[in-house]
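Here are some short exercises to work through with the model open beside you. Try each task before reading its solution.

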Amino acid sequence: MRIAMIGTGYVGLVSGACFADFGHEVCCIDKDESKIDGLNQGKMPIWEPGLEALVKANVERRRLTFSKDLPAGVKGAEAVFIAVGTPARRGDGHADLTFVFQAVRELAKVIPPGTVVVTKSTVPVGTGDMIEAILREEGVTDVSVASNPEFLREGAAIADFKHPDRIVVGAEDQRAQDVLREIYRPLFLNRAPILITGRRTAELTKYAANAFLAVKISFINEIADLCEAVDADVQDVARGIGLDNRIGPKFLHAGPGYGGSCFPKDTLALLQTADAAGVDQRIVRTTVQVNDDRKAAMVDRVARAIGEDLKGKRVGVLGLAFKPNTDDMRDAPSIPIVNGLIKLGASVRAFDPVAQEQAEKVFDSVEFASDAYSAAEDADALVIVTEWDEFRALDLGKLARAMRGKTLVDLRNVYDRTEAQEAGLAYYGVGRGAV
Ligand code: NAD
């Protein structure tokens, strides 16, 4: 099949490269010229494990191309996916559909009858209807509009795309269903379940999934607070409940609150949809509040652990990306933590295995270290913010010797209190006994 992908970001580039790897002929389009120029020279715009090799292989097979020119890129495509950003609109948190509608209007000028237009971007219920209306307004007829929300996780995006838990397709007509079934046919060999629903249902399913995961994280974070008050260990509680099949072990890691490019904006957008529909979503509303409060409270937690005025203190920070295995800094919990520490008078020396380039765009006065030990050098306290694998087996004795103070704030519960204490560190985890 010939596929065009409008938007070559985390989702568009991974999806485009994977579709090409399935054997389809894919053109990834982006209006960001530097991204496309870079890709045409083999330079990845994002850091994602395995992506560079996958892109390179499919470019060499001539199944994957990149273009800044939308009309040229969509020429001959049987399916055109829209994978542009849908950030939260400033002020109200509604999903900003400007990029989606811009892409649709550009597309309207060039697509022939019979094309299937598919939204892969996360878009509120009813967006497919609005896209249809725009296409009609622009005089386009006989085009199907479908929804195919994406569930991949950054950091494991290729594996998630190739071995999805499910594929959700919202289609209102047979042609859209048939084209999407054909596109995903290679995955049926792996028995990936495909769920065909109405378009509105598919659009809502994506928001419901992200909101549920956000609820799970906030739930265990609140239980962690309770653990601290009653001298219990949240790691054991999480394991104890997670082994129950009805609950499951994932997304039960207490920490500094969720961030990233999806959960914060998607929970807000779901609330906007609910408000517009006149149906309150109290659980999601509370989750958003719990998470906002938690992120704001993290600086105080670190300050309390250091125990004194932060003026003149030096804090080492390990991990800046919103989670491991990505360079994505969007809404990362590290942002309020680092900025808060600096505001209280501390200086911050941080290390992240891959996100430094993105982090430099976010922080003005952070000093960057070349590894974890150098981030710890002369630090009064060390804070683990992102649980990169390489932070799981650090030589705690060596860290302690490098530091000036001896405070380890482990916001991801990577280490045990006993092993940290044996290395001479005062340990502060999350939800692990009385503090
Ligand atoms: P991104 O910001 O990384 O990429 C979006 C790209 O679209 C940018 O490169 C931008 O230049 C391009 N673009 C915008 N308007 C365009 C236009 N008119 N023509 C061509 N290109 C255009 O965003 P992302 O993280 O890939 O997210 C895309 C969508 O997928 C969002 O709706 C997001 O919620 C959803 N999603 C993201 C993830 C994730 O993990 N990042 C997972 C599932 C779903």
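**Exercise 1: A strand with two neighbours**

Phe81 stands opposite Val118 in β5. Keep in mind that this is a predicted model.

Task: find which strands pair with β4, and in which sense.

Solution. Start with β5 (residues 116-119): four bridges link this strand to β4, and the pairing is parallel. Next, turn to β1 (residues 2-6), which also pairs with β4 in the parallel sense, again over four bridges. On that side, Met5 is the residue opposite Phe81. Finally, look above and below β4 (residues 79-82): Ala79 and Phe81 are buried on one side, Val80 and Ile82 on the other, and both faces are covered.

**Exercise 2: Into the core**

Task: work out which residues touch the most other members of the largest nonpolar core.

Solution. This core has 41 residues, and the ones to pick out are Phe19, Leu51 and Phe81. Then ask which element supplies the largest share: helix α1 (residues 10-22) does, with eight residues. Now zoom in on Leu51. Setting aside residues up to four places away in sequence, Leu51 touches Leu13, Val14, Ala17, Met44, Ile46 and Ile158. Apart from the largest core lies another one of 39 residues, including Val315, Phe322, Ala350 and Ala355. As background, nonpolar side chains in soluble globular proteins tend to be buried together.

**Exercise 3: The edges of a sheet**

Task: in the open sheet of six strands, decide which strands stand at the edges.

Solution. Write down the strand order, β11-β10-β9-β12-β13-β14, with parallel pairing. The edges are β11 (367-368) and β14 (426-428); each has a single partner strand, so one side of each is left without a neighbour in the sheet. For a pair within the sheet, take β12 (residues 381-384) and β13 (residues 407-410), which run parallel and are joined by four bridges. One residue to check there is Leu382, whose bridge partner in β13 is Leu408. Then add helix α12 (residues 282-306), which packs on the sheet and touches β9 (314-318), β12, β13 and β14. The direction of α12 makes about 155 degrees with that of β13.

**Exercise 4: Two crossing helices**

Task: describe how α6 and α9 are oriented and which classes of residue make their contact.

Solution. First, get the geometry: the axes of α6 (residues 127-137) and α9 (residues 199-230) come within 8 Å and cross at roughly 130 degrees. Angles over 145 degrees would count as roughly antiparallel and 65 to 115 as roughly perpendicular. The two helices are therefore oblique to each other. Second, list the residues: α6 brings Thr127, Gly128, Asp129 and Glu132, while α9 brings Arg199, Arg200 and Glu203. Third, sort them by class, which gives no nonpolar, two polar and five charged residues.

**Exercise 5: Loop residues**

Task: for Arg62, say whether the residue is buried or exposed.

Solution. Locate Arg62 in the loop between α3 (51-60) and β3 (64-67). Its phi is near 60 degrees, a positive value in a residue other than glycine. With a relative accessible area of 72%, Arg62 is exposed. Now try Asn325, in the loop between β9 and α13 (334-343). Asn325 is not a glycine either, yet has a positive phi of about 65 degrees. Its relative accessible area is 32%, so Asn325 is partly exposed.

Conventions
Residues are numbered from 1 along each chain as its sequence is written. This is a predicted model: local features need pLDDT of at least 70, side-chain atom pairs count only at pLDDT 80 or more; totals for chains, interfaces and linings use all residues. Side-chain values use heavy atoms; hydrogens and water are left out. A nonpolar core is a set of buried Ala, Val, Leu, Ile, Met, Phe, Trp, Tyr and Cys residues joined through side-chain atoms within 4.5 Å. Buried means under 20% relative accessible area, exposed over 50%, partly exposed in between (1.4 Å probe, protein chains only). Contact means heavy atoms within 4.5 Å. Two strands pair if DSSP finds at least two bridges between them. Axes are lines fitted to C-alpha atoms, for helices over the stretch in contact, and angles run from 0 to 180 degrees between N-to-C directions. Angles under 35 degrees count as roughly parallel, over 145 as roughly antiparallel, 65 to 115 as roughly perpendicular and the rest as oblique. Ala, Val, Leu, Ile, Met, Phe, Trp, Tyr, Cys and Pro count as nonpolar, Asp, Glu, Lys and Arg as charged, and the others, Gly among them, as polar.
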